[in-house]
Amino acid sequence: MTNFIEFAILGIAASSAYALLSSSLVLIYRGSGILNIAHGAYAMAGGFLYYQFSTLNGISVVWSAVLAVLGACVLGALTHLLVMVPLRNSVPLVRVIATLGVLAVLQGLAQVRYGGTGNALVADPFLPQGKVTFHDLIVPYDRIILFGFAVVVVLGLHFFSRHTTIGLAMTAAAENEIGAASVGWSPNLLALFTWTVGAGLAGFAGVMIVPLIGLQVPTLTLIVIAAMAAALFASFESFPKTLVASMAIGILQSWILLYGTNAHWAGVGDAVPFLGILAVMLVRGSALPLRGHIVEQLPKVGSGRVRLGYLIPIVVVLGLLMIWVFSLDLTTAIAVQSIAGIVLLSVVVLTGYAGQLSLAQMGLAGIGAYFAGRLVSVTGAPFLLALIVGVLGAVVVGLLFALPALRTRGVNLAVVTLGLGVAVQSVLFENGLYTGGSKGTNVGAAHLFGINLDPVAHPQRYAVFCLVSFALAGVLVAALRRSTIGRQLISIRTNERAAASIGISVFRTKLLAFGISSGIAGLGGILLAFNGHYITYSTGFDALTSINQVGNAVVGGLGYASGPLVGSTLQAGGIGSYVLNHFGSLDPWLTVIGGVSLILMLLGNANGAVANLTDMTASLVARFRGREPAEVRAGEKTSAPSRTIPEPSVDKPSLALVARDVTVRYGGVTAVDSVGLEVRSGEVVGLIGPNGAGKTTMIDALTGFVAADMAELRLGDTDLRRTPAHRRARLGLTRSFQSLELLEDLTVADNLMAAAERHQGLRGVLESVLGRRRSLPVRVQEIVDQMGLGDCLHLVPGELPYGRRRLVAIARAAAASPTILLLDEPAAGLDDTETRELATVIRSLAEEQGLGVLLVEHDMSLVMDVCDQLVVLNFGQKIAEGSPAEVQQLRVVREAYLGDMEDEEEADCDDRTVASAGS
């Protein structure tokens with residue numbers, strides 16, 4: 001029992017540091033809405049500055065601590081002023097990625113100044129030393145004092161946020177930044193205050209903890225994982241809860257150290273924060289409420305086109321040069337860069353294409369290396385078999401790790417995967433029982449198809465194999481972009497609701513993204529691991545390397561298959577190192593260069609170096625050809641599919657959508673109250689009513705986007721009540737959105753193809769490798785022709801005027817081959833001419849294509865012209881149903897809706913609308 005309490009007290013030191021970090025992390029989030037992944041680097045900076053002043057410069061510990069905290073405050077202020085302020089109009093995810101650049105810069109500077117990650121420096125203790133004894137219990141002074149500091153700081157922040165003017169203003173800004181600005185508070189100054197104070201508290205935590213745990217860059221930088229776990233438990237709101245969670249994490253880690261004496265338990269304590277993060281995510285789903293005022297849009301995606309006629313000769317010539325001409329150093333650098341490029345390709349698939357930010361790619365690469373290496377070492381399996389097993393093993397583990405991430409995305413996913421990377425490193429890679437002991441795993445020389453690829457005896461051959469593997473992986477990733485799977489990945493990245501509305505399963509597509517990405521990362525990990533006769537898993541597969549790889553991918557071009565070719569130059573040991581080493585010992589600065597490059601890229605053009613190069617090339621070509629750059633860029637986008645190989649039109653059976661007693665409640669508010677309706681094929685039914693009547697909510701309920709109680713919902717004989725949104729779309733129930741929700745990263749043609757096509761698996765990818773383009777189905781091409789969209793298929797929706805964007809939204813919904821089409825205010829924002837054209841389109845969809853149409857619209861002229869039946873809602877209840885002529889004569893309808901509209905329209909002298917609405 002005494003040991004139990006003693007180890008709990010020992011855990012208080014780590015708990016107190018976690019509490020300081022997590023509470024200051026919450027402070028920064030509340031003031032700026034940003035999850036600062038570089039927060040641990042502030043603690044590291046504070047610790048190293050304290051070591052510099054006290055141990056190396058001989059300054060008193062008190063003044064050293066003061067200077068260290070002030071230094072951390074300056075770093076926080078500079079981060080806000082130089083990085084966050086210029087990025088204030090960027091989406092939250094881009095600003096979080098920018099903190100990865102800050103982390104890389106601080107990490108690199110610490111390694112340059114104080115040596116690599118293997119050094120363990122010891123700083124002079126800041127707190128008084130000594131012990132106090134209670135019976136048989138020995139309690140060190142510094143633990144008690146550190147715990148007291150943590151309690152005072154956390155409770156002080158709680159009081160500050162609740163009972164001071166600035167604290168209340170911060171709370172207001174956290175809830176509504178624009179509202180806080182409207183009453184005289186500057187969100188920018190509040191954010192500056194929180195970044196400065198938050199970084200100072202992190203630096204103070206570093207000063208407190210480094211005399212106890214030593215100074216190591218990875219340990220101090222990744223201490224933020226535990227802080228994130230505690231902050232997540234507190235929902236990034238409650239300071240006292242962060243204290244409770246921090247204490248629980250630190251003490252639990254200490255108890256594991258006490259009772260986990262078996263070697264198999266090594267590193268389990270470091271996995272505790274990840275388990276905490278995982279538990280919070282599983283219980284709450286999207287646990288971190290992101291704050292931003294603009295639609296989240298990641299850096300743009302490339303076309304995925306590959307000119308094999310150029311690529312193959314380049315690879316062949318470069319391979320021959322590596323074997324016979326290049327120096328061994330240059331050849332090795334190309335091999336290292338090729339391996340890093342493969343891992344970056346996995347980031348392109350998962351983050352660039354699917355929009356899922358993962359900070360564990362090197363961990364998954366290590367998983368592939370682990371399966372392959374242990375298979376060879378234990379069974380003597382050939383290299384090819386080990387390569388296949390390793391890639392498949394990485395895919396399986398990647399799918400398992402994806403399961404908790406399926407309930408979240410973006411920044412929340414980054415938190416999960418960062419914790420995952422640390423857990424895998426601590427539990428598996430750093431445990432000699434699993435990795436072959438101190439020497440590592442012996443894999444010997446690799447042979448493939450009778451060719452000796454021994455990286456020691458024949459490094460040129462192995463380097464060429466790595467280069468060819470990189471080229472093949474790049475071609476496959478580019479082909480993936482142009483395939484059915486690629487369109488689905490980009491669809492969920494752009495807009496998950498829109499993707500589900502055209503039949504794309506968000507769940508399944510995310511699993512595909514993780515599986516494909518993990519397999520590619522596993523390939524890179526295997527090539528990295530087999531670049532020698534012994535594999536040491538404790539280096540190269542760590543979480544910090546994963547973070548740096550994401551930054552490198554962004555620098556090259558997150559959405560471009562060719563981006564890793566540029567981003568991998570920042571890999572240690574690659575071409576960047578080779579060039580820097582010719583100017584002296586500059587290789588240690590590569591991490592700093594990478595971090596600065598990431599920040600500058602985000603500030604200048606977040607699309608990456610390849611996108612910049614593409615734009616420059618387009619401008620030069622435009623000048624040469626005498627055309628506008630926009631015309632050249634348009635030609636480089638995914639062009640409209642050819643009509644020379646048309647797909648057969650699919651005839652939909654004549655079915656009816658029947659809904660009875662549909663009820664939707666939001667808390668105590670009933671938005672839709674026992675409403676029923678029926679829409680038959682070839683019929684247009686109008687759903688009308690005043691604002692707030694529940695029309696859009698009704699569409700959401702019918703299509704599965706909100707939970708609803710209903711006695712009946714069927715399409716033909718199919719019961720849809722327990723069917724998810726994407727399955728309803730596949731069964732023939734599709735919709736448009738009032739806010740359009742187009743897939744902005746895809747061209748108009750790809751928007752339509754994403755809706756029209758069904759999943760083709762690897763066949764679609766292989767067709768893309770061969771350069772085959774699928775055509776728009778005949779029925780979709782007819783819709784395109786009817787709506788006059790043929791001249792804009794190669795453009796992205798953002799390049800179209802609003803009226804045409806409306807037509808694209810309707811065309812996409814109709815392209816999904818629906819039986820029943822639900823249109824939510826399709827005429828909003830259209831002029832009279834466009835509205836008349838829309839009326840023709842809607843009638844054509846019903847009469848010529850046999851679709852049933854449920855139309856929600858406020859334009860009564862359009863409604864009366866195109867609808868066969870009307871259903872009228874008011875305050876969530878159905879008040880009338882019948883033909884347009886019948887409904888407009890009902891007094892209850894005129895009083896609730898049509899009469900009010902008539903009065904307003906008469907005031908505006910709009911005779912046309914008055915006549916159509918009925919006077």
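In this predicted model, strand E10, which spans residues 712-715, pairs with E11 in the antiparallel sense over two bridges, and Leu715 has Thr718 of E11 as its bridge partner. These two strands belong to an open sheet of four strands, arranged in the order E8-E7-E10-E11 and paired in antiparallel fashion. The edges of the sheet are formed by strand E8 (669-680) and strand E11 (718-719), each of which pairs on one side only. Helix H29 (residues 695-703) packs on this sheet, where it touches strand E7 (656-666), E8 and E10, and the direction of H29 makes about 115° with that of E7.

A further set of pairings involves strand E9 (residues 684-688), in which five of the five residues are buried, so that the strand is largely enclosed by the rest of the structure. Both faces of E9 are covered, with Val684, Gly686 and Ile688 buried on one side and Val685 and Leu687 buried on the other. E9 pairs in the parallel sense with strand E14 (residues 852-856) over four bridges, and within this pairing Leu687 stands opposite Val856. E9 also runs parallel to strand E15 (residues 869-874), to which four bridges join it; here the bridge partner of Ile688 is Val872.

With regard to the nonpolar interior, the largest core comprises 253 residues, of which Ile37, Phe48, Tyr353, Leu418, Phe530, Leu602 and Leu752 touch the most other members. Helix H14 (residues 328-353) gives the most to this core, contributing 13 residues. Phe48, when residues up to four places away in sequence are not counted, touches Ala110, Tyr114, Leu121, Leu215, Val217 and Leu220. Another core, of 26 residues, lies apart from the largest one and includes Ala659, Val664, Leu687 and Leu854. In soluble globular proteins, nonpolar side chains tend to be buried together.

Helix H14 also packs against helix H20 (residues 484-494), at an angle of about 50° and with the two axes 8 Å apart. Because angles of 35 to 65 degrees fall outside the roughly parallel and roughly perpendicular ranges, H14 is described as oblique to H20. In this contact, Val349, Thr351, Gly352 and Tyr353 of H14 meet Leu489, Ile490 and Arg493 of H20, and the residues involved divide into four nonpolar, two polar and one charged. Tyr353, one of the H14 residues in this contact, is also among the residues that touch the most other members of the largest nonpolar core.

Conventions. Residues numbered from 1 in each chain as written. Predicted model: local features only at pLDDT ≥ 70, side-chain atom pairs only at ≥ 80, totals over all residues. Heavy atoms only, no water. Core = buried A, V, L, I, M, F, W, Y, C linked by side-chain atoms within 4.5 Å. Buried < 20%, exposed > 50% of the residue type's maximum accessible area, 1.4 Å probe, protein only. Contact = heavy atoms within 4.5 Å. Pairing = 2+ DSSP bridges. Axes fitted to C-alpha atoms, helices over the stretch in contact; angles between N-to-C directions. Parallel < 35°, antiparallel > 145°, perpendicular 65-115°, else oblique. Nonpolar A, V, L, I, M, F, W, Y, C, P; charged D, E, K, R; others polar.
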